[in-house]
Every structure is written in structure tokens, then in C-alpha cells.
Amino acid sequence: MTRGSTLPAHRLSPLSGSLAIPAQTRTSPARPLDGFNASPVDEAHRTLLACLRSLRWARRIADHRPYPTLEALLAASDEAAYDLSPADLAEALTAESLPGLPEDAYGAAHMALNAAHAAYEARFGHAFVICLDGVPADEALDRVLEGIRSRLTNDPEDERVVAAEELRRLARQRLTGSVRAAGL
């Protein structure tokens, strides 16, 4: 003897004139880098060249899109910056300039900075670069002057290595700011 279900089958009565529940789709919020990842190549190059003026660096980063996270983008930026050739480094350095002085800086500060920078350029043939990420604004001038004076004692090859590292840090800072400012 076979036994069937002891509960009666339950059936819903049809509801006349009712609407079906619309299909629900799950949408994920836009990822921070979707805009950068999807931008045309020339637009990506412009964004990147504003961060570091090296065509090779910009091409390399743009060509390896998409990046899943800002951290992945910054890691690619670092790797590309570490691989800058001397010519790439020279190209990037030509576009650099000293950080601006605060508006309330006194005239002697301008003269001291200009003199130190002129000595640096005469010795190394390019602009002094320094990343001031995390340096309070009221300490920036002192940090720049201290950096120029201490780095003037470097031999040219050692200074090339230091300048390359400062450029890498600047590119990272600018790229982070660019992504955050654009809401990418």
C-alpha cells in the first residue's frame, strides 16, 4: 500500500486585474575606477600625463586597463615609474617645477628658494622635485629648502635615483587626487 501526501495540494486562486511583481535586478554601485577604465585612450593619456609627464609611463598604465581598485592602479603606476629609463626620467623632469610658495611667504623666502633652485638646476640640469605629501602647509617651504640644500651634495647618479623616487611619489599622489576629484 502506498501512501501519498497527507496534506492537500495548496493552490493560489488567480487574482484578476493584479500586476505581476516586476523582475528585480541587482545593480551594484559604480566602482571607483569605472570612468577611468572606460575612458577613451587619449583621455586616459591626458589624465595620466597630468600626473607624470612621461609618454611611456602614461601609455603603459593606460594600456593595462581595467584596474579593479585604486590600489591596483597605484601599484601599476609605481611599477611603471620604477622602469623609467634615463630618457623617460629626463622627459618627466622637464615638465616639473618647484612647488608654489604660500601667498603670505615673505620676499626673503622667495629669494632663498630661487637661489637654491638655481644652484640645483646648475648642478643637475633639471628642476628640483620633491613630494610634499603629508607635509603641513606651514612646513612646506622649510622642507623644500632643506631638501634642495641636502640634495645638492649628491653626485649626479645618486640624485637621479632620488629624483626618480620623488617623481614616483608625486605621480602616485597626483593620480590618487585625480581619481578622487573626478569621482572615478
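How many helices and how many strands make up the secondary structure of the chain? In this predicted model, the secondary structure comes to eight helices and zero strands. Coloured along the sequence, the chain reads α-α-α-α-α-α-α-α.

**The whole chain**

Begin with the full chain selected and its surface displayed. The accessible surface comes to about 12000 Å², and 55% of that area belongs to carbon and sulfur atoms. Of the 184 residues, 36% count as buried. A contact map adds a further view: among contacts between residues at least 6 apart in sequence, 70% join residues at least 24 apart.

**Helices α2 and α3**

Next, select residues 41-49, which form helix α2, together with residues 55-63, which form helix α3. The two helices pack at an angle of about 130 degrees, and their axes are 9 Å apart. Angles of 115 to 145 degrees fall outside the parallel, antiparallel and perpendicular classes, and α2 and α3 are therefore oblique to each other. Their crossing is right-handed. To see the contact itself, display the side chains of Ala-44, His-45, Leu-48 and Leu-49 in α2, then those of Leu-55, Trp-57, Ala-58, Arg-59, Ile-61 and Ala-62 in α3. By class, this contact has eight nonpolar residues, one polar and one charged.

**Helices α6 and α7**

Now move to residues 107-124, helix α6, and residues 140-151, helix α7. Here the packing angle is about 30 degrees, with the axes 10 Å apart. Because angles under 35 degrees count as roughly parallel, α6 and α7 are described as roughly parallel to each other. The crossing of α6 past α7 is left-handed. On the α6 side, select Ala-109, Ala-112, Leu-113, Ala-116, His-117, Tyr-120 and Phe-124; they meet Leu-141, Val-144, Leu-145, Ile-148, Arg-149 and Arg-151 on the α7 side. The contact has ten nonpolar, one polar and two charged residues.

**Phe-128**

With both helices still displayed, centre the view on Phe-128, in the loop between α6 and α7. Is Phe-128 buried or exposed? Its relative accessibility is 0%, so Phe-128 counts as buried.

Which residues does Phe-128 touch, not counting those up to four places away in sequence? The set consists of Ser-97, Leu-98, His-117, Tyr-120, Val-144, Gly-147, Ile-148 and Arg-151. Among them, His-117 and Tyr-120 also take part in the α6 side of the helix contact, and Val-144, Ile-148 and Arg-151 in the α7 side. As a final step, draw a C-alpha to C-alpha distance from Phe-128 to Gly-147: these residues are 19 apart in sequence and 8.9 Å apart in space.

Definitions and conventions:
Residues numbered from 1 in each chain as written. Predicted model: local features only at pLDDT ≥ 70, side-chain atom pairs only at ≥ 80, totals over all residues. Heavy atoms only, no water. Axes fitted to C-alpha atoms, helices over the stretch in contact; angles between N-to-C directions. Helix = DSSP H or I, 4+ residues; strand = E, 2+ residues; numbered from the N terminus. Parallel < 35°, antiparallel > 145°, perpendicular 65-115°, else oblique. Left-handed = near helix turned anticlockwise from the far one by under 90°. Contact = heavy atoms within 4.5 Å. Nonpolar A, V, L, I, M, F, W, Y, C, P; charged D, E, K, R; others polar. Buried < 20%, exposed > 50% of the residue type's maximum accessible area, 1.4 Å probe, protein only. Areas by Shrake-Rupley, 256 points an atom, 1.4 Å probe, with all protein chains shown as cover.
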